[in-house]
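Visitor: Could you take me on a close look at a single part of this protein, with the cut-offs spelled out as you go? I would like one connected account.

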Amino acid sequence: MRKGDPVALIMPNAPQHVVAFYATLRLGAVVVEHNPLYTADELTTQFADHGATVAVAWVSEFLVGAVEAAQHSLGVTETFVGKAKGKSTSASTMRRPGKE
């Protein structure tokens with residue numbers, strides 16, 4: 001990722017979203033927001049418009065499937081997904097899909 005590159009954030013209103021938002025800005029990238037309830041078709045259309053190759057997403061069965069579908073069709077090279085531990089929404093771990 002380089003300065004000015006778009007980074008897709010696909011997260012609900014949660015502390016992790018704020019961290020990802022400001023971390024992206026700190027790296028010099030451009031934040032591209034997405035509703036975490038979007039379908040694969042909706043994400044595909046939006047990714048085609050902005051061309052992000054990096055995505056930060058919230059873990060949910062629905063969202064991971066949509067992100068993976070968009071990732072394969074649009075050439076997203078890096079996807080990071082956050083997973084809340086327990087019932088707390090303030091603590092998360094980040095992982096790359098397929099790399100536990």
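Guide: Happy to; what follows is a walk along helix α1, with the whole chain as background.

A word on the ground rules comes first. This is a predicted model, in which local features need pLDDT of at least 70 and side-chain atom pairs count only at pLDDT 80 or more, while totals for chains, interfaces and linings use all residues. Residues are numbered from 1 along each chain as its sequence is written, and side-chain values use heavy atoms, with hydrogens and water left out.

Now the background. The protein has 3 helices and 5 strands, where helices (H or I, at least four residues) and strands (E, at least two) are DSSP runs numbered from the N terminus. Along the sequence they follow the pattern β-α-β-α-β-α-β-β. Of the 100 residues, 34% count as buried; buried is under 20% relative accessible area, exposed is over 50%, and partly exposed lies in between (1.4 Å probe, protein chains only). The accessible surface comes to about 6100 Å², and 55% of that belongs to carbon and sulfur atoms. Such areas come from the Shrake-Rupley method with a 1.4 Å probe, and for residues only the protein chains shown count as cover. Among contacts (heavy atoms within 4.5 Å) with a separation of 6 or more, 60% are between residues 24 or more positions apart.

Helix α1 itself covers residues 15-26. Let's begin with its buried residues. Q16 lies in this helix and counts as buried because its relative accessibility is 8%. Its C-alpha atom is separated by 9.8 Å from that of A57, 41 residues apart along the chain. H17, also found in helix α1, is buried at 12% relative accessibility. The C-alpha atoms of H17 and A57, 40 residues apart along the chain, are 9.0 Å from each other. Leaving aside residues up to four places away in sequence, H17 touches L9, M11, P12 and E33.

Further along helix α1 comes T24, which is buried with a relative accessible area of 6%. The side chain of T24 reaches the backbone oxygen of A20 at 2.7 Å. That is a polar contact: a pair of N or O atoms within 3.5 Å where, within protein, one must be able to donate a hydrogen and the other to accept it, and residues adjacent in sequence count only if both atoms are side-chain atoms. With residues up to four places away in sequence not counted, T24 touches V7, L9, A29, V30 and V31.

Other residues turn outward to varying extents. F21 is partly exposed, at 25% relative accessible area, and Y22 counts as exposed at 54%. Rings of Phe, Tyr and Trp (its six-membered ring) pair if their centres lie within 6.5 Å, with planes under 30 degrees apart counted as stacked, over 60 as edge-to-face and the rest as tilted. This rule gives 1 aromatic pair. The rings of F21 and Y22 have centres 5.2 Å apart and planes at 80°, so the pair is edge-to-face.

Y22 also belongs to a nonpolar surface patch with V18 and L25, and together they have about 300 Å² of accessible area. Patch members have over 30% relative accessible area and no salt bridge; like charges are joined within 9 Å and nonpolar side chains (Val, Leu, Ile, Met, Phe, Trp, Tyr) within 5 Å. A salt bridge here is a side-chain nitrogen of Lys or Arg within 4 Å of a carboxyl oxygen of Asp or Glu. L25 is partly exposed, with a relative accessible area of 41%.
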